[in-house]
Amino acid sequence: MKKLLTIMTIVFLTTATMSWANGFPIQYSSIDAELKNDYAIGALGDYYLTGIGIGIQANFDITPINNLGIFGGIDYSYGISKTVWVDSFHDLSLTTGISYNFETGSPVSIIPELGYGICIHLLQGDIDRDGNDSTSIYLDQMLTFSIKAAYSFNEKISIYFSPDVKYYIESENNAILLGYNLGVRINL
């Protein structure tokens, strides 16, 4: 619970900078909206076929250090099950992290992002394998890593493709999702 409160506080304080003076060293810079697709590897791959979803992310520049930024995001994913005892997976994730914008001198930018967050998993089906359908809720910590390849049409609009990795940190079974995102960035 302490970790959830810490993450929510960081996201709140980061978002609050939108109303602070221009002299503050963290400035709201852009927002991303994306479509997501992922695939499980390892033990989770025995249960989880693929996931499709959407996400939104607020990006902030750390003005004293060129091209360095922080972000806060939320995404939802619907997971298709490989088993008869889980009907579907529903994941809601909150993530915050750090990014760096490598400008190439062309309309293309490379933006690696490293994040930490929590994921709420909602599983529907015969989870206990006792013949009765139910809904189970699980909470996981996660680490994320992605590299956005962004193409700028102008100063306001960019589109991007980003492969990503989500590593769910569990006490007994760690899980990994590999995927990609297609999105648009709107600079403010």
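A residue counts as buried when its relative accessible area is under 20%. In this predicted model, both Asp-32 and Arg-185 meet that description, and the two form a salt bridge whose closest N and O atoms are 2.7 Å apart. The protein chain has one helix and nine strands, and 41% of its 188 residues are buried. The points below cover the overall make-up, the strand pairing, the salt bridges, the nonpolar cores and two individual residues.

**Overall make-up**

- Read from the N terminus, the elements run α-β-β-β-β-β-β-β-β-β.
- Taking contacts in the protein chain between residues at least 6 apart in sequence, 57% join residues at least 24 apart.
- The protein chain has an accessible surface of about 10500 Å², and carbon and sulfur atoms account for 65% of that surface.

**Strand pairing**

- Strand β6 covers residues 108-125 and strand β7 covers residues 134-152. The two pair in the antiparallel sense over 18 bridges.
- Tyr-116 stands opposite Leu-143, a residue of β7.
- β7 also pairs with β8 in the antiparallel sense, here over 10 bridges. One of the bridge pairs joins Ser-152 to Ser-158 in β8.
- β7 and β8 form a hairpin, and four residues lie between the two strands.

**Salt bridges**

- The structure holds six salt bridges. Those described here include three pairs that link distant parts of the chain.
- Asp-32 and Arg-185, the pair named at the start, sit in strand β1 and strand β9 respectively. They are 153 residues apart along the chain.
- Asp-32 also meets the side chain of Lys-148 in a salt bridge, at 2.4 Å from N to O. Lys-148 belongs to strand β7, and Asp-32 belongs to strand β1, which spans residues 26-41. This pair is 116 residues apart, and both Lys-148 and Asp-32 are buried.
- A network of salt bridges links Asp-32, Glu-113, Lys-148 and Arg-185.
- Lys-166 and Asp-75 form a salt bridge through their side chains, at 3.5 Å from N to O. Lys-166 is in strand β8, while Asp-75 is in strand β3 (residues 68-81), 91 residues apart. Both Lys-166 and Asp-75 are buried.

**Nonpolar cores**

- The largest nonpolar core has 12 residues in all. They are Ala-40, Tyr-48, Trp-85, Val-86, Phe-89, Cys-119, Leu-123, Ile-127, Met-142, Tyr-168, Ala-175 and Leu-177.
- Two or more residues of this core come from each of β4 (86-100), β6 and β9.
- Another core, of five residues, lies apart from the largest one. Ala-58, Ile-62, Leu-68 and Ile-70 are among its members.
- Val-86, a member of the largest core, touches Ser-81, Leu-123, Gln-124 and Ile-127 when residues up to four places away in sequence are not counted. Leu-123 and Ile-127 are themselves members of the largest core.

**Two residues in β8 and β9**

- Ser-162 lies in strand β8, which runs over residues 157-169. Its relative accessible area is 0%; the limit for buried is under 20%, so Ser-162 is classed as buried.
- Not counting residues up to four places away in sequence, Ser-162 touches Ile-147, Lys-148, Gly-179, Tyr-180 and Asn-181. Of these, Lys-148 is also a salt-bridge partner of Asp-32.
- Ile-176 is found in strand β9, which runs over residues 175-187. Its relative accessible area is 27%. Partly exposed covers the range between under 20% and over 50%, so Ile-176 is classed as partly exposed.
- Leaving aside neighbours within four places in sequence, Ile-176 is in contact with Tyr-39, Ala-40, Ile-41, Val-165, Lys-166 and Tyr-167. Ala-40 is part of the largest nonpolar core, and Lys-166 forms the salt bridge with Asp-75.
- The C-alpha atoms of Ile-176 and Gly-45 are separated by 8.8 Å, although the two residues are 131 residues apart along the chain.

Methods: Residues numbered from 1 in each chain as written. Predicted model: local features only at pLDDT ≥ 70, side-chain atom pairs only at ≥ 80, totals over all residues. Heavy atoms only, no water. Buried < 20%, exposed > 50% of the residue type's maximum accessible area, 1.4 Å probe, protein only. Contact = heavy atoms within 4.5 Å. Areas by Shrake-Rupley, 256 points an atom, 1.4 Å probe, with all protein chains shown as cover. Pairing = 2+ DSSP bridges. Core = buried A, V, L, I, M, F, W, Y, C linked by side-chain atoms within 4.5 Å. Salt bridge = Lys/Arg side-chain N within 4 Å of Asp/Glu carboxyl O.
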